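Here are my notes on the structure, as numbered points. They start with the ligand and then move to the cores and some individual residues.

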Amino acid sequence: MRVVVLGGTGQVGLALVPLLRQENEVVAPSRADLDLAQPGAQARVERLAPDLVVNAAAWTDVDAAERDEPGCLAVNAAGAGAVARACARLDAPLVHLSTDFVFSGELGRPYREDDATGPVNAYGRAKLAGEREVERAGATAFLLRTSWVYSLGRPSFVSRMIERARHAEELVAPDDQVGSPTSASALAEAIAALVRSLGPNPRARAARSAGLYHLAGRGAASRYELTCAIVEVLGARPGIRATRVRAAPATSFVTGAVRPRATALDCSRAERALGLLLPPWRSALDQVLAGARSSGHSGVA
Ligand SMILES: NC(=O)c1ccc[n+]([C@@H]2O[C@H](COP(=O)([O-])OP(=O)(O)OC[C@H]3O[C@@H](n4cnc5c(N)ncnc54)[C@H](OP(=O)(O)O)[C@@H]3O)[C@@H](O)[C@H]2O)c1
């Protein structure tokens, strides 16, 4: 079938496109070809005549979103709506990615899909508005909320910490921000499995299982624990200076946006209803860092 992937140059998109290409005709327009913030995005998606769309495109710079909330909304809310309306008109299932940052982080346990939302920053508000646009469009949509996505190819918390580990003996990370670290490639494999499970004529099967799901690395970690794991794995390698990690409160870091305190995701609905389960965050991290070791990717060696 013909699958359109938006955000094909992003962390998730880069991992997903080759997987989908194994079994599908994949069209992955660049931002220059199909800018979600521009009028006409809906018509452009419709002209591509997809059987299924994966929208992994988003404004993901959380700090910059505070400085330009309308710009962020144009991509993450209006753009998401344009894609979803195109899918509704074409009767093409949509896989749309959203975020743990739609939550306030104050619940005290991992979030389930029906827990109350309450974003604390502009990015979270825009992504939540995007979810509502997708729901309003009436498309058959898998709305997948994920969390703390990382890869070595594009900027992420993990890639930034690896870079710092090359220059500093001590890394500092917040121990009061908790999430579910998610490997972009593990998430891409799960999305590819979802697409495969829908078969060559995805409409009918998608209609039976579409909905809101949490899909993230299993378990939870603070940014401090995540950084400790990075240093533990990479610490002995040539080119890495970091030997220790110091915990500090999030308020001691100067950032443009506040982050929610604890937004680990309970992913049991996706396991029950879709048979999708990501690996535990720590084993996925080990695997990604092992890949970096053998390929020399990201300059970690
Ligand atoms: N990163 C995270 O920690 C995280 C956490 C939870 C949820 N998510 C969600 O997961 C999805 C994938 O995230 P990611 O980490 O893969 O993102 P990413 O690496 O930042 O990539 C974003 C992608 O969106 C494209 N894009 C940005 N603005 C666009 C526009 N106006 N029109 C068309 N394309 C545009 C980018 O194109 P360029 O290459 O041209 O910039 C890039 O391909 C997003 O929906 C994000 O909100 C991410």
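1. An oxygen atom of the ligand sits 3.3 Å from a polar backbone atom of Leu 97. A backbone contact is also found at Val 12, where a polar atom is 2.9 Å from an oxygen of the ligand. At Thr 60 the polar atom belongs to the side chain, and its distance to a ligand oxygen is 2.5 Å. The protein buries 87% of the 910 Å² that the ligand exposes when taken alone. Please keep in mind that the model is predicted, and that these distances are computed from it.

2. Which elements give two or more residues to the shell around the ligand? They are α1 (11-21), β4 (94-99) and α5 (122-137). Strand β4 provides the largest share, three residues. The ligand is surrounded by 25 residues in total, and the closest are Thr 9, Arg 31, Asp 35, Thr 60 and Tyr 123. Sorted by class, the shell holds 12 nonpolar, nine polar and four charged residues. Thr 60 thus appears both in the list of closest residues and as a side-chain polar contact.

3. The largest nonpolar core consists of 33 residues. Within this core, the residues with the most contacts are Val 158, Ile 162, Leu 226, Ile 230, Leu 234 and Leu 285. At least two core residues come from each of α3 (62-67), α5, α6 (157-165), β7 (170-174), α9 and α11 (281-295). Helix α9 gives the most, six residues. Helix α5 is named for this core and also for the ligand shell.

4. Val 158 deserves a look when the core is inspected. Beyond residues up to four places away in sequence, Val 158 touches Tyr 150, Leu 226, Ile 230 and Leu 285. Apart from the core just described lies another one, of 31 residues, which includes Val 95, Phe 142, Leu 194 and Ala 206. In soluble globular proteins, nonpolar side chains tend to be buried together.

5. Two residues of helix α9 can be set side by side. Thr 227 belongs to α9 (residues 223-234) and counts as buried because its relative accessible area is 0%, under the 20% cut-off. With neighbours within four places in sequence left aside, Thr 227 is in contact with Phe 157, Met 161, Leu 171, Ala 173 and Val 245. Glu 225 lies in α9 as well, but at 43% relative accessibility Glu 225 is partly exposed. Its contacts, with neighbours within four places in sequence again left aside, are Ala 220 and Trp 281. Glu 225 and Ala 173 are separated by 52 residues in sequence and by 8.5 Å between C-alpha atoms.

6. Where is Ala 247 found? Ala 247 is in strand β12 (residues 244-248), and a relative accessible area of 34% makes it partly exposed. Its C-alpha is 5.6 Å from that of Pro 174, although the two are 73 residues apart in sequence. Not counting residues up to four places away in sequence, Ala 247 touches Ala 173, Asp 175 and Tyr 224. Ala 173 is thus a contact of Ala 247 and also of Thr 227.

7. Ser 156 is in the loop between β6 (149-150) and α6. Is Ser 156 buried or exposed? Its relative accessible area is 5%, so Ser 156 counts as buried. Outside the four places in sequence on either side, Ser 156 touches Gln 11, Val 149, Tyr 150 and Ser 151.

8. Two backbone angles should be checked. Most residues other than glycine have a negative phi. Ala 49 has a positive phi, near 50 degrees; this residue is in the loop between α2 (41-47) and β3 (52-55) and is partly exposed, at 43% relative accessible area. Trp 148 also has a positive phi, near 45 degrees. Trp 148 is in the loop between β5 (141-146) and β6, and at 12% relative accessibility it counts as buried.

Conventions. Residues are numbered from 1 along each chain as its sequence is written. This is a predicted model: local features need pLDDT of at least 70, side-chain atom pairs count only at pLDDT 80 or more; totals for chains, interfaces and linings use all residues. Side-chain values use heavy atoms; hydrogens and water are left out. A residue is near a molecule or strand if one of its heavy atoms lies within 4 Å of it. A polar contact is a pair of N or O atoms within 3.5 Å; within protein, one must be able to donate a hydrogen and the other to accept it, and residues adjacent in sequence count only if both atoms are side-chain atoms. Accessible areas come from the Shrake-Rupley method with a 1.4 Å probe; for residues, only the protein chains shown count as cover. Helices (H or I, at least four residues) and strands (E, at least two) are DSSP runs, numbered from the N terminus. Ala, Val, Leu, Ile, Met, Phe, Trp, Tyr, Cys and Pro count as nonpolar, Asp, Glu, Lys and Arg as charged, and the others, Gly among them, as polar. Buried means under 20% relative accessible area, exposed over 50%, partly exposed in between (1.4 Å probe, protein chains only). Contact means heavy atoms within 4.5 Å. A nonpolar core is a set of buried Ala, Val, Leu, Ile, Met, Phe, Trp, Tyr and Cys residues joined through side-chain atoms within 4.5 Å.
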